[in-house]
Amino acid sequence: EDVADASRCLEEDDKVAQQHREGWYPSTDGLPHPVNVLVSQWSSVAYGRHQSRAYFHFVAAMIGTVVVAVIALSAIAGMSLTDWLVTFALPSLPALLDASEIADAHRRLAETKGRDEDELLLPLWNRELKTPGTLTTVDCRQVQDASFRLRSQGLHVPEWFFWKRRALSEANMHDAAAARHAQYQRAMQTAGAGSP
């Protein structure tokens, strides 16, 4: 029921439908299975890492800006420390704590995705480049399981932030996928040249 409900919501979401029409994932035409799957998975992991890292920087910058603005305002107004604590500091602590926890959660998520790229995706990719045909669907399932564990945390950037960065993020994703495609083609040519 939950899967059917989520699927129906996606079908009704105009923005998601537009993403699918425009080809959100980069093209993997010309790459064999499961290499095409790995390239798509890597695109997704890197895309999420960039989104979370950017949102961490955004929230941290907003926290810093608000703190500096409040201190400057209180200094201009000539407030005493007691007045400043009662007027600004104490009432804003819960919001600052929430914002700092959100920022830290996105920082940790970006770091985890970066580790997945370095410790899981990159070794699989390098092995496939060195010995084409060694990548298996079991390898891709490992990557998918790691991605699912992170997605199950339910940590997302706000929709407005996603759409603001979408064009740049997707351009980066398509460029990286094209570079991996070219890298794979060169590895195949080298492997073909080395065969008797």
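**Close-up 1. Helix 3 and helix 5 side by side in a predicted model.** Helix 3, spanning residues 35–77, packs on helix 5 at an angle of about 20°, and the two axes are 10 Å apart. Angles under 35 degrees count as roughly parallel, so helix 3 is roughly parallel to helix 5. Their crossing is left-handed. On the helix 3 side, look for Val37, Leu38, Gln41, Ser44 and Val45; helix 5 brings Cys140, Val143, Gln144, Ser147 and Arg151 to the contact. Sorted by class, this contact of helix 3 with helix 5 has five nonpolar, four polar and one charged residues. As elsewhere in these legends, the coordinates come from a predicted model.

**Close-up 2. Helix 4 against helix 5.** Here the view moves to helix 4 (residues 81–130) and helix 5 (residues 137–151), whose axes come within 11 Å and cross at roughly 175°. How do helix 4 and helix 5 run, roughly parallel or roughly antiparallel to each other? An angle over 145 degrees counts as roughly antiparallel, and helix 4 and helix 5 are therefore roughly antiparallel. Helix 4 offers Leu109, Thr112, Lys113, Asp116, Leu120, Leu121, Leu124 and Arg127, and these meet Asp139, Gln142, Val143, Ala146 and Leu150 of helix 5. The class tally for the contact of helix 4 with helix 5 is seven nonpolar, two polar and four charged residues. Val143 is worth finding in both of these views, since Val143 belongs to the contact with helix 4 and is also listed in the contact with helix 3.

**Close-up 3. Helix 3 and helix 4 as a pair.** The axes of helix 3 and helix 4 are 8 Å apart, and the helices pack at an angle of about 160°. Helix 3 and helix 4 are therefore roughly antiparallel to each other. This crossing is left-handed. By class, the contact of helix 3 with helix 4 has 27 nonpolar, six polar and six charged residues.

**Close-up 4. The largest nonpolar core, with Leu38 in view.** This core has 19 residues, and Val35, Leu38 and Trp125 touch the most other members. Helix 3, helix 4, helix 5 and helix 6 (159–194) each supply at least two of the core's residues. Which helix gives the most to this core? Helix 3 does, with six residues. Follow Leu38 outwards and, not counting residues up to four places away in sequence, you will find that Leu38 touches Leu121, Leu124, Trp125, Leu135, Cys140 and Val143. Apart from this core lies another, of eleven residues, including Tyr47, Val59, Phe161 and Met173.

**Close-up 5. The surroundings of tyrosine 55.** Tyrosine 55 sits in helix 3. Is tyrosine 55 buried or exposed? With a relative accessibility of 11%, tyrosine 55 counts as buried, because the cut-off for buried is under 20% relative accessible area. Setting aside neighbours within four places in sequence, tyrosine 55 is in contact with Ile102, His106, Val157, Pro158 and Phe161. One of these partners gives a handy distance to check: tyrosine 55 and valine 157 are 102 residues apart in sequence, while their C-alpha atoms are 6.7 Å apart in space.

**Close-up 6. A cis peptide bond ahead of helix 3.** Proline 34 is found in the loop between helix 2 (14–22) and helix 3. The peptide bond from histidine 33 to proline 34 is cis, with omega near 5°. For context, most peptide bonds are trans.

**Close-up 7. Two partly exposed residues, histidine 57 and tryptophan 163.** Histidine 57 lies in helix 3 and counts as partly exposed at 47% relative accessibility. From histidine 57 to serine 7 is 32 Å, C-alpha to C-alpha, with their positions 50 residues apart in sequence. Tryptophan 163 lies in helix 6. The relative accessible area of tryptophan 163 is 25%, and this residue is partly exposed. The C-alpha atoms of tryptophan 163 and leucine 81 are separated by 41 Å, and the two residues are 82 residues apart along the chain.

Key
Residues are numbered from 1 along each chain as its sequence is written. This is a predicted model: local features need pLDDT of at least 70, side-chain atom pairs count only at pLDDT 80 or more; totals for chains, interfaces and linings use all residues. Side-chain values use heavy atoms; hydrogens and water are left out. Axes are lines fitted to C-alpha atoms, for helices over the stretch in contact, and angles run from 0 to 180 degrees between N-to-C directions. Helices (H or I, at least four residues) and strands (E, at least two) are DSSP runs, numbered from the N terminus. Angles under 35 degrees count as roughly parallel, over 145 as roughly antiparallel, 65 to 115 as roughly perpendicular and the rest as oblique. Contact means heavy atoms within 4.5 Å. Ala, Val, Leu, Ile, Met, Phe, Trp, Tyr, Cys and Pro count as nonpolar, Asp, Glu, Lys and Arg as charged, and the others, Gly among them, as polar. A crossing is left-handed if the near helix is turned anticlockwise from the far one by less than a right angle, and right-handed if clockwise. A nonpolar core is a set of buried Ala, Val, Leu, Ile, Met, Phe, Trp, Tyr and Cys residues joined through side-chain atoms within 4.5 Å. Buried means under 20% relative accessible area, exposed over 50%, partly exposed in between (1.4 Å probe, protein chains only).
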